[in-house]
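Me: I am new to this structure and would like to learn how to read its features one at a time. Could you take me through them slowly?

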Amino acid sequence: MLFISCTSYKNESVQSIPTKINVIIVTYNAAKTLQKCLDSIYSQQYPAIDIIIIDGKSTDETVQILQDNANRIAYWKSEKDSGIYDAMNKAIKHLTGDWVYFLGADDELRSEFSDMAYELNDPNVIYYGNVLSDGVKRSGELSPYYMAKGGIYHQAIIYPKTVFDKYRFNTKYKIVADNVLNMQCYGDKTFSFQYKDHLIANFNHLGISGTEVDKVFEKDKSALILKNFGVKIWSRYMFRLFKAWIKG
């Protein structure tokens, strides 16, 4: 477990015992970026972070890095998996905290992650902030329509564990199962989404979600929007598709 004394936190106010956050990283041949990613977690002022890493049987130096950092990682394992979301589902089985955050091995936490972490207080709220990508702050507070249309960067979201008491990532979606999960949570009135204006991570857009299209998701997207966001938002989305089809 990563523990840093709360007395150094910049607000210097008396803090109640903070709830633990699990930072989950799934890796495969991530040796070039993994240590920098881990160091960004170690540098956080928030004092209660457990790191969970599931590696897909890397063939580079990733496992050596994990071994070198083992005393600062709550749980790690290297074994074959069937993709990113299968590995995330494996990681979820080892949660130790009340909050869950997914970070790419080529991404980095920013100091404002700790600021946002101190504001987590409702186990039925999914909190999201901003990420920095290509030097641009993305993407601000989203309306339900834009949440349905484009989704939230997963590096911007901190989930309550209660989400994963109920749901897992649907592995039939190889690239954007996180977006599908968010759609399900939006449609589930147990949960709500709340925006916090914190820039919490540097996001590398060159990962699989930024370079490939999830064809299964694109086929199912309109039905998922209808089911989870309702007729009004679905109709707006379908009208947008119709206009794009007319324009050719």
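**Cavities, contacts and surface**

Reply: Let us begin inside, where the second largest cavity holds about 30 Å³ of space. A word on the source: this is a predicted model, in which local features need pLDDT of at least 70 and side-chain atom pairs count only at pLDDT 80 or more, while totals for chains, interfaces and linings use all residues. Residues are numbered from 1 along each chain as its sequence is written, and side-chain values use heavy atoms, with hydrogens and water left out.

Me: How is a cavity found, and how many cavities of 30 Å³ or more does the search find?

Reply: Rolling a probe the size of a water molecule over the atoms shows where empty space is left. Here a cavity is a set of points, on a 1 Å grid over the protein atoms alone, where a 1.4 Å probe fits but cannot get out, and its lining residues have an atom within 4 Å of a point; the points are joined across faces, edges and corners, and the volume is the space filled by probe spheres set on them. A search of the whole structure finds 2 cavities of 30 Å³ or more, and the largest has about 40 Å³ of space.

Me: Which residues line the second largest cavity, and which line the largest?

Reply: The second largest cavity is lined by M88, F102, H154, Y159, F169 and D178, a lining that divides into 4 nonpolar, 1 polar and 1 charged. Around the largest cavity stand S82, G83, I84, Y85, D86, T171, Y173 and K174, and these divide into 3 nonpolar, 3 polar and 2 charged. In this scheme Ala, Val, Leu, Ile, Met, Phe, Trp, Tyr, Cys and Pro count as nonpolar, Asp, Glu, Lys and Arg as charged, and the others, Gly among them, as polar.

Me: D178 lines the second largest cavity; which residues of helix α7 are buried?

Reply: Buried means under 20% relative accessible area, exposed means over 50%, and partly exposed lies in between (1.4 Å probe, protein chains only). Helices are DSSP runs of H or I with at least four residues, strands are runs of E with at least two, and both are numbered from the N terminus. Helix α7, residues 177-187, is mostly covered, with 8 of its 11 residues buried, namely A177, D178, N179, V180, L181, N182, M183 and C185.

Me: What counts as a salt bridge, and how many does the search find?

Reply: A salt bridge is a side-chain nitrogen of Lys or Arg within 4 Å of a carboxyl oxygen of Asp or Glu, and the whole structure has 9 of them. One of them joins K20 and D50, whose closest N and O atoms are 3.4 Å apart. K20 lies in the segment before β1 (21-27) and D50 in strand β2 (residues 49-55), so the pair ties together parts that are 30 residues apart in sequence. K20 is partly exposed at 23% relative accessible area, whereas D50 is buried at 5%.

Me: Which residues does the network of salt bridges that share partners join?

Reply: Take E79 and K90, whose side chains meet in a salt bridge at 2.9 Å, N to O. E79 is in the loop between β3 (75-78) and α3 (84-92), while K90 is in helix α3, 11 residues apart. E79 is partly exposed at 25% relative accessibility, and K90 is buried at 17%. Salt bridges that share partners join K77, E79 and K90 into one network.

Me: What makes a nonpolar patch on the surface, and which residues form one?

Reply: Patches are made of residues with over 30% relative accessible area and no salt bridge, where like charges are joined within 9 Å and nonpolar side chains (Val, Leu, Ile, Met, Phe, Trp, Tyr) within 5 Å. Accessible areas come from the Shrake-Rupley method with a 1.4 Å probe, and for residues only the protein chains shown count as cover. F239, F242, W245 and I246 form such a patch, with about 520 Å² of accessible area together. F242 is found in helix α10, residues 231-247, and is partly exposed, with a relative accessible area of 45%.

Me: Where is the cis peptide bond?

Reply: The peptide bond from R138 to S139 is cis, with omega near 0°, and S139 is in the loop between β7 (136-138) and α5 (144-149).

Note on methods
1 Å grid on protein atoms, 1.4 Å probe; cavity = no way out; pocket = protein on both sides within 12 Å on 5 of 7 lines; lining within 4 Å.
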